[in-house]
Amino acid sequence: MLIKTVFAGFGGQGVLMMGYSLAHSAMSAGFQTTYLPTYGAEMRGGTAHCTVSVGDEEIASPIASQPENLVAMNEPSLEAFQNIVAPGGTIILNSSIIRQKPRRKDVTALEIPAVEIADQIGNTKAANIVMMGALVKRMAIIPPAVFLKSIEEIMGGKKKSALEMNRIAFGRGYDYI
């Protein structure tokens, strides 16, 4: 088994955090993983994307030429990356920002209103964690408890209120699917 995922959006949307959290939780669940971040010099507001590969055997390359999943946080990311998704793959898009539908008819598109969901729980910045809830459920290989434990470890000494906000955001995205 080898599952490749590309995360893409603007800097500041938590795109690299999404990839890192998937890689961390996959390792915690006993999988082999690679994480390859890429971002523009502008950082916040510039483009950012990363690739994560998760497998049950050693992974030869972190490059994902035909990923099974694309998580697109904005329209330019959907435009830039939808054509590389493998036929039969999944595009999870942030429908709060992305108004267009993928042109591809050979993939499954899951529209998640991540910003609206994050706003409902009181923190727009949690939209990336909402999207991670949807992805983790769709992938069905990482137990939710393992992902949430990874988020807690990644965040280190953050306030308990921030951790609880992420738990709620993750659960809302997970349940949305």
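**Entry 1: strands**

Two strands count as paired if DSSP finds at least two bridges between them. I note at the outset that the model is predicted.

I began with strand β4, which covers residues 69-72. I found that 4 bridges join β4 to β5 and that the two strands run parallel. In this pairing, Asn-69 faces Thr-90 of β5. I then turned to β1 and found that β1 and β4 are also parallel, with 4 bridges between them. Here Val-6 has Leu-70 of β4 as its bridge partner.

Are the residues on the two faces of β4 buried or exposed? I recorded Asn-69 and Val-71 on one side and Leu-70 and Ala-72 on the other, and all of them are buried, so both faces of the strand are covered. The division into two sides follows a general pattern: side chains in a regular strand alternate between the faces of the sheet.

Next I examined strand β3, residues 47-55. Strand β1, residues 2-10, pairs with β3 in the antiparallel sense, over 9 bridges. One of the facing pairs is Lys-4 with Ser-53 in β3. I also recorded that 7 of the 9 residues of β3 are buried, and therefore the strand is largely enclosed by the rest of the structure.

**Entry 2: a serine in a loop**

I looked up Ser-96, which lies in the loop between β5 (90-94) and β6 (108-112). Its relative accessibility is 11%, and it counts as buried because the limit for that class is under 20%. Which residues does Ser-96 touch, leaving aside its neighbours within four places in sequence? I listed Ile-112, Pro-113, Ala-114, Val-115 and Glu-116. With Pro-113 there is also a polar detail, as the side chain of Ser-96 reaches the backbone oxygen of that residue at 3.5 Å.

**Entry 3: aromatic rings**

I found 3 aromatic pairs in the structure. For Tyr-20 and Tyr-35, the ring centres are 5.8 Å apart and the planes stand at 70 degrees; the pair is edge-to-face because that angle is over 60. This pair links distant parts of the chain, for Tyr-20 belongs to helix α1 (residues 15-28) and Tyr-35 to strand β2 (residues 32-39), 15 residues apart. I recorded Tyr-20 as partly exposed, at 39% relative accessibility, and Tyr-35 as partly exposed too, at 27%.

How are the rings of Phe-147 and Phe-170 arranged? Their centres lie 4.9 Å apart and their planes are at 15 degrees, so I entered the pair as stacked. The two residues are 23 apart in the chain, Phe-147 in helix α5 (residues 144-155) and Phe-170 in helix α6 (residues 160-176). Phe-147 is buried at 0% relative accessibility, and Phe-170 is buried at 2%. I noted further that ring pairs join Phe-147, Phe-170 and Tyr-174 into a cluster.

**Entry 4: helix packing**

The cluster led me to α5 and α6, whose axes come within 11 Å and cross at roughly 150 degrees. The crossing is right-handed. From α5, Pro-144, Phe-147, Leu-148, Ile-151, Glu-152 and Met-155 take part in the contact. From α6, I listed Ala-162, Leu-163, Asn-166, Arg-167, Phe-170 and Tyr-174.

I then looked up α1 and helix α4 (residues 127-139), which pack at an angle of about 40 degrees with their axes 10 Å apart. Their crossing is right-handed. Met-17, Met-18, Ser-21 and Leu-22 of α1 make this contact with Asn-128, Met-131, Met-132, Leu-135 and Met-139 of α4.

Key: Residues are numbered from 1 along each chain as its sequence is written. This is a predicted model: local features need pLDDT of at least 70, side-chain atom pairs count only at pLDDT 80 or more; totals for chains, interfaces and linings use all residues. Side-chain values use heavy atoms; hydrogens and water are left out. Rings of Phe, Tyr and Trp (its six-membered ring) pair if their centres lie within 6.5 Å; planes under 30 degrees apart count as stacked, over 60 as edge-to-face and the rest as tilted. Buried means under 20% relative accessible area, exposed over 50%, partly exposed in between (1.4 Å probe, protein chains only). A polar contact is a pair of N or O atoms within 3.5 Å; within protein, one must be able to donate a hydrogen and the other to accept it, and residues adjacent in sequence count only if both atoms are side-chain atoms. Contact means heavy atoms within 4.5 Å. Axes are lines fitted to C-alpha atoms, for helices over the stretch in contact, and angles run from 0 to 180 degrees between N-to-C directions. A crossing is left-handed if the near helix is turned anticlockwise from the far one by less than a right angle, and right-handed if clockwise.
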